[in-house]
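Good morning, everyone, and thank you for making the time. I would like to walk you slowly through one structure, so please have a look at it before I go on.

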Amino acid sequence: MINDSKTNLVIETKNLVKMYGPHIALEGLNLSLEPGAIGILGPNGAGKSTFFKCILGLITTTSGEGNVLGYDIRTQGDLIRSKIGYMPEYDSLDPELIAVDQVRYSGELIGMNPSQATQRAHEVLEYVGLKEQRYRKIGTFSSGMKQATKLACALIHDPEILICDEPTNGLDQRARDFMLKTLRNTVEQGGRTVLMSGHVMDDIQEVCESIVMIHKGKIVVHRRIDELAKQVDEEIEISVWGGSSRMQDTLESRGLIVRRLGRVMRIKVESEETIPIILECAVESNVQIRRLGEYKPDLEDIFLLIMDKLGAEVKTTSDLMTFEHTGEATRE
Ligand SMILES: Nc1ncnc2c1ncn2[C@@H]1O[C@H](COP(=O)(O)OP(=O)(O)O)[C@@H](O)[C@H]1O
Ligand SMILES: [Mg+2]
């Protein structure tokens with residue numbers, strides 16, 4: 001057993017390797033996860049789904065070890081799955097069933113008795129926002145309603161850990177917002193651990209406190225999101241009324257570092273003097289500042305910075321999805 005738990009780790013893996021024939025999908029994953037909301041981020045093919053299937057004991061690992069809530073992923077998959085809710089990325093629903101039967105059925109499959117499963121099915125369908133639609137056939141559902149049904153199936157047995165593989169895939173804005181809010185509630189009010197994967201920074205940022213980034217079967221980053229944010233320079237964001245380039249020239253002539261995005265400029269904070277200097281520059285350039293505030297970097301910015309440090313030529317999140325990682329994995 002690798003769990004000599006000084007802390008209350010919920011998931012732990014050591015040198016976890018998964019090969020599909022000659023193809024290496026997970027290349028020695030060492031991970032220690034505490035309770036909370038954890039985002040698993042990575043481009044397509046990174047190994048996110050494989051990682052989930054390994055820790056659920058759904059596929060055999062090639063080498064290495066792992067445990068979930070103290071149970072061995074190699075030998076105690078059944079026990080693990082009775083404690084974990086799993087929302088797979090593929091469509092796992094029967095279009096012929098009405099929602100309440102589908103959800104009840106997933107409870108019975110893991111050993112709940114029929115009356116308990118029926119009662120819970122109604123509760124969880126309400127929780128995921130499908131109270132009105134619970135007697136409708138799944139075949140008539142939108143993708144948002146199908147994802148919500150999959151979430152209900154995962155929550156039927158009130159699991160300690162919820163694993164959601166790309167829960168926002170194919171959802172429109174409203175369904176996405178509702179899904180993320182439900183996951184957040186599951187962590188905050190339900191006190192459950194949620195692992196969610198995705199390749200959109202925004203989604204993960206809305207639910208998770210920490211993030212594990214996987215690329216080509218390796219962990220490139222594992223950190224708390226608020227700590228990631230500290231790695232990025234503090235900036236002041238201003239928008240000006242006319243004369244943006246004049247303003248930029250003036251700021252730069254005073255030695256400030258400016259990133260300009262049209263009328264909006266972000267200026268690196270060098271000292272307490274930065275804001276007074278910005279105001280002086282506005283007077284000097286004869287421009288009016290319409291808005292001035294601290295700029296909080298989003299995960300997109302943070303990841304561009306991290307990828308930059310890894311020596312990758314990445315300009316946007318979509319580049320990140322196709323980026324070839326050549327550097328060594330880092331874990332600080
Ligand atoms: N059943 C399988 N057989 C062979 N290769 C697979 C199988 N499942 C996944 N892979 C490969 O393993 C790698 C990781 O896949 P996956 O875990 O699905 O990544 P992700 O979920 O991050 O998109 C990919 O290169 C994928 O093609
Ligand atoms: Mg996947």
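Let me begin with a word that I will need several times: a residue is called buried when its relative accessible area is under 20%, exposed when that value is over 50%, and partly exposed in between. Please also keep in mind that what you see is a predicted model.

With that cut-off in hand, we can turn to Ser49, which counts as buried because its relative accessibility is 12%. Ser49 belongs to helix α1, where Lys48, Thr50, Phe51, Phe52, Cys54 and Ile55 are buried as well. Taken as a whole, α1 runs over residues 48–55 and is mostly covered, with seven of its eight residues buried. Just after this helix comes Gly57, which takes a positive phi of about 70°.

Now to the metal. What coordinates the magnesium ion, ligand 2? The donors are OG of Ser49 and two OE atoms listed for Glu89, at 2.1 to 2.7 Å. Ser49 lies in helix α1, whereas Glu89 sits in the loop between β6 (84–87) and α3 (99–109), so the pair ties together parts that are 40 residues apart in sequence. Glu89, with a relative accessible area of 39%, is partly exposed.

Ser49 also leads us to ligand 1, since an N or O atom in the Ser49 side chain is 2.8 Å from an oxygen atom of that ligand. Taken alone, ligand 1 exposes 560 Å², and the protein buries 61% of that. Two elements, β2 (23–33) and α1, give two or more residues to the shell around ligand 1, and α1 gives the most, with three residues. The surrounding residues include Tyr20, Pro43, Asn44 and Gly47, and the shell divides into four nonpolar, six polar and one charged. Among the further contacts, a polar side-chain atom of His23 lies 3.0 Å from an oxygen atom of ligand 1, while a polar backbone atom of Ala46 is 3.2 Å from an oxygen atom of ligand 1.

Finally, I would like to move past the helix to Thr61, which lies in the loop between α1 and β4 (63–68). Is Thr61 buried or exposed? At 17% relative accessibility, Thr61 counts as buried. If we leave aside its neighbours within four places in sequence, Thr61 is in contact with Leu16, Val17, Lys18, Ile73 and Arg74, and also with Cys54, which is itself one of the buried residues of α1.

Definitions and conventions: Residues numbered from 1 in each chain as written. Chains lettered and ligands numbered in written order. Predicted model: local features only at pLDDT ≥ 70, side-chain atom pairs only at ≥ 80, totals over all residues. Heavy atoms only, no water. Buried < 20%, exposed > 50% of the residue type's maximum accessible area, 1.4 Å probe, protein only. Helix = DSSP H or I, 4+ residues; strand = E, 2+ residues; numbered from the N terminus. Donors = N, O, S within 2.8 Å, 3.2 Å for Na, K, Ca; no water. Near = heavy atom within 4 Å. Polar contact = N/O pair within 3.5 Å; in protein donor to acceptor, adjacent residues only side chain to side chain. Areas by Shrake-Rupley, 256 points an atom, 1.4 Å probe, with all protein chains shown as cover. Nonpolar A, V, L, I, M, F, W, Y, C, P; charged D, E, K, R; others polar. Contact = heavy atoms within 4.5 Å.
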